[in-house]
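These are my notes on a structure that I looked through for charge pairs, surface features and pockets.

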Amino acid sequence: LYFNAISKEISRDSLFRIGIKRVCVLGLSLLTFPLLIIWTHFGFWLDDIFFSGWKNVEVKTPCFIVGNARSGTTWFHRVLAKDETHFTGPKTWELIFAQPD
């Protein structure tokens with residue numbers, strides 16, 4: 001029933017037409033995303049080669065910053081990040097492309 005309704009919607013003259021622009025964007029996305037994943041894994045591999053000690057760093061007292069939107073958490077994170085001897089935090093790309101152990 002669901003697929004029947006979708007096929008009827010596609011066959012009509014609607015906003016959900018499969019045009020050349022939509023096919024190009026989808027094709028580019030399907031090509032770009034795996035390349036981005038490969039590039040990210042290559043970077044992790046280089047980290048293991050050049051900075052192999054990162055796995056042996058002991059975290060004594062973690063500090064989690066949690067808050068509502070627009071409540072100052074980004075500002076607080078930036079203030080803490082200025083003290084590189086005591087605090088560290090992930091970069092934006094590390095959050096987006098996080099890899100489980």
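Entry 1, the salt bridge. I began with Lys55 in this predicted model and asked whether Lys55 counts as buried or exposed. Lys55 is exposed, because its relative accessibility of 54% lies over the 50% cut-off. I then looked up the partner of Lys55 and found Asp48, whose side chain meets that of Lys55 in a salt bridge (4.0 Å, N to O). Side chains of opposite charge can pair when their charged atoms come close. Asp48 has 34% relative accessibility and therefore counts as partly exposed, between the limits of 20% and 50%. I searched the whole structure for salt bridges and recorded one.

Entry 2, the nonpolar patch. I next asked which residues form a nonpolar patch on the surface. I noted Trp39, Phe42, Trp45, Ile49, Phe50, Phe51 and Trp54, which together have about 900 Å² of accessible area. I took Ile49 as one of these residues to examine further. Ile49 sits in helix α2. With a relative accessible area of 44%, Ile49 is partly exposed. Ile49 can belong to the patch because its value is over the 30% that a patch residue needs.

Entry 3, the overall fold and surface. I counted four helices and zero strands in the protein. Along the sequence I read the pattern α-α-α-α. I then asked what percentage of the 101 residues is buried. The figure that I recorded is 4%. For the protein I noted an exposed area of about 9900 Å², of which carbon and sulfur atoms supply 66%.

Entry 4, the largest pocket. I looked up the space in the largest pocket and wrote down about 2100 Å³. The lining of this pocket has 39 residues, and those closest to the pocket centre are Thr88, Gly89, Pro90, Lys91 and Glu94. I asked which helices each supply at least two residues of the lining. They are α2 (20-50), α3 (73-81) and α4 (92-96). The largest share comes from α3, with six residues. By residue type, I sorted the lining into 19 nonpolar, 11 polar and nine charged residues.

Entry 5, points to keep. Helix α2 appears twice in my notes, as the place of Ile49 and as a contributor to the lining of the largest pocket. For the charge pair, I keep Asp48 as partly exposed and Lys55 as exposed.

Terms used. Residues are numbered from 1 along each chain as its sequence is written. This is a predicted model: local features need pLDDT of at least 70, side-chain atom pairs count only at pLDDT 80 or more; totals for chains, interfaces and linings use all residues. Side-chain values use heavy atoms; hydrogens and water are left out. On a 1 Å grid over the protein atoms alone, a cavity is a set of points where a 1.4 Å probe fits but cannot get out, and a pocket is an open set with protein on both sides within 12 Å along at least five of seven lines; lining residues have an atom within 4 Å of a point. Grid points are joined across faces, edges and corners, and a volume is the space filled by probe spheres set on the points. Ala, Val, Leu, Ile, Met, Phe, Trp, Tyr, Cys and Pro count as nonpolar, Asp, Glu, Lys and Arg as charged, and the others, Gly among them, as polar. Buried means under 20% relative accessible area, exposed over 50%, partly exposed in between (1.4 Å probe, protein chains only). Accessible areas come from the Shrake-Rupley method with a 1.4 Å probe; for residues, only the protein chains shown count as cover. Patches are made of residues with over 30% relative accessible area and no salt bridge: like charges are joined within 9 Å, nonpolar side chains (Val, Leu, Ile, Met, Phe, Trp, Tyr) within 5 Å.
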